[in-house]
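Trainee: Please take me closely through one helix-helix contact in this model, and then through what surrounds it. I would like the geometry, the residues involved and the criteria behind each term.

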Amino acid sequence: MTLEIVYHDDYLLHEHSPTHPERRERLMYTMDQMQEEGVFDLDMVELVEPEAASEEALARVHTPDYLDRLKEMSMRGGGSLSGDTHVSEHTWHQSRLAAGGVVRGCRDVVEDSCESSFVMARPGGHHAFADRGHGFCFTNNTAVAVREIQESYDEVDRVLVWDWDAHHFDGTQEIFYSDPSVLTMSVHQTGRTLFPGTGYVDEVGEDEGEGFNVNVPVLPKTGDSGYLRVVEEVFEPVAREYDPDLVFVEAGQDCHFTDPITDLGVTADGYRRMMERAVDLAEDVSGGDLVASLCGGYGIEGGLPYTNLAVVASMAGLDTSNIREPAVYQPPQRQPDVDDVVAKVKSTHDEYWNL
Ligand SMILES: [Zn+2]
């Protein structure tokens with residue numbers, strides 16, 4: 001199995017601020033750990049460097065006014081899009097490079113120069129809307145890549161976007177909300193307890209896209225077993241019925257139990273198992289075509305390098321029997337189950353899918 005890892009040293013340039021959770025060390029520690037573990041020495045792993053996405057590709061998703069504003073703010077040396085999302089002199093260049101990284105991963109998978117691709121870019125993109133950025137995101141890298149791929153390849157008609165970031169993918173959801181050619185599915189910590197506050201079960205899509213957006217908001221401390229049940233009982237049956245030509249994972253690694261800004265209790269081994277399911281799903285529906293793009297993950301020295309290693313091991317088909325955790329996980333005495341939310345999703349989506 002060949003796995004491509006897409007990375008560029010310029011992904012380290014942009015900073016919101018030196019102490020912001022989304023800072024350059026997120027990638028530096030992961031790259032160090034992958035180097036130490038010998039990931040880049042393996043025959044089945046190839047490290048590639050992307051180019052920036054074209055302005056034409058960005059403009060398929062984002063409004064001209066927003067792109068002009070982002071570019072000018074960055075060229076001027078910086079500014080602020082919201083309380084937690086700061087533009088630096090590097091943001092314009094790096095956002096284009098992040099979107100270009102995801103485009104590169106998708107192109108290489110569709111063209112079969114690798115079997116799957118893990119895009120390790122920053123900044124992430126799933127909170128970026130067509131006309132604004134927030135939540136540490138500027139350009140919606142997934143949407144830019146999906147539109148580019150649908151435009152470029154006749155064989156890619158339907159795309160599945162599966163987001164397992166702890167936060168709801170509000171930007172991605174809205175961009176594809178009325179589009180049945182992209183099935184969007186998200187499992188996230190419920191908006192009652194976490195930014196951005198959206199992602200309820202009844203947000204199912206609209207017009208032609210009605211039924212093609214699946215939200216599963218879960219309670220804090222849900223953990224591996226709850227996540228895997230959501231995958232088995234909701235995501236897999238819907239995805240198999242949809243039968244996409246490409247499986248795309250917005251791989252947010254901030255569900256890990258060490259993450260400082262969320263509270264979900266997923267382990268690195270839980271991530272390995274979820275990625276194994278995504279690999280199996282892609283084998284069955286899209287001839288193995290699978291792209292995963294790093295989203296959140298703020299346990300910079302602890303969780304993130306370990307979860308990234310776990311998903312890379314799954315994607316490369318390595319021996320994953322000994323996935324390590326950065327600390328011992330003590331599950332809570334009362335762990336919430338997902339019975340209620342799974343039942344609600346099934347009854348809400350019953351008219352669209354065989355659930
Ligand atoms: Zn997140």
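Mentor: A crossing is called left-handed if the near helix is turned anticlockwise from the far one by less than a right angle, and right-handed if clockwise. The model is predicted, and local features are taken only at pLDDT of at least 70 and side-chain atom pairs at pLDDT 80 or more, whereas totals for chains, interfaces and linings use all residues. Residues are numbered from 1 along each chain as its sequence is written.

The contact I would choose is that of helix 4 (residues 91-110) with helix 5 (residues 141-152), which pack at an angle of about 40° with their axes 8 Å apart. That angle makes helix 4 oblique to helix 5, a word kept for whatever is not roughly parallel (under 35 degrees), roughly antiparallel (over 145) or roughly perpendicular (65 to 115). The axes are lines fitted to C-alpha atoms, for helices over the stretch in contact, and the angles run from 0 to 180 degrees between N-to-C directions; the helices (H or I, at least four residues) and strands (E, at least two) are DSSP runs, numbered from the N terminus. Helix 4 passes helix 5 in a right-handed crossing.

On the helix 4 side the contact is made by A98, A99, V102, V103, C106 and V110, and on the helix 5 side by N141, T142, V144, A145, E148 and I149, where contact requires C-beta atoms, placed from the backbone, within 7 Å. By class these residues divide into nine nonpolar, two polar and one charged (Ala, Val, Leu, Ile, Met, Phe, Trp, Tyr, Cys and Pro are nonpolar, Asp, Glu, Lys and Arg charged, and the others, Gly among them, polar).

V144 deserves a closer look, since beyond its neighbours within four places in sequence it is in contact with A53, A57, L58, R60, V61 and T139 as well as with A99, V102 and V103, these last three belonging to the helix 4 side described above. V144 is also listed, with V247 and A278, among the residues with the most contacts inside the largest nonpolar core, which has 105 residues. Such a core is a set of buried Ala, Val, Leu, Ile, Met, Phe, Trp, Tyr and Cys residues joined through C-beta atoms within 7 Å. The largest share of this core, nine residues, comes from helix 8 (residues 268-285).

Helix 8 has a packing partner in helix 7 (residues 223-242), at an angle of about 10° and with the axes 10 Å apart, which makes helix 7 roughly parallel to helix 8. The residues D224, Y227, L228, V231, E236, A239 and R240 of helix 7 meet G270, R273, M274, R277, L281, D284 and V285 of helix 8, and by class that contact has seven nonpolar, one polar and six charged residues.

Returning to the loops that flank the first pair, D112 lies between helix 4 and strand 5 and has a positive phi of about 65° although it is not a glycine. D112 is exposed, with 11 other C-beta atoms within 10 Å (exposed means 12 or fewer, buried 20 or more, and partly exposed in between, with C-beta atoms placed from the backbone). Between strand 5 (116-119) and helix 5 lies P123, and the peptide bond from R122 to P123 is cis, with omega near 0°. Most residues other than glycine have a negative phi, and most peptide bonds are trans.

How values were computed: Two residues are in contact if their C-beta atoms, placed from the backbone, lie within 7 Å.
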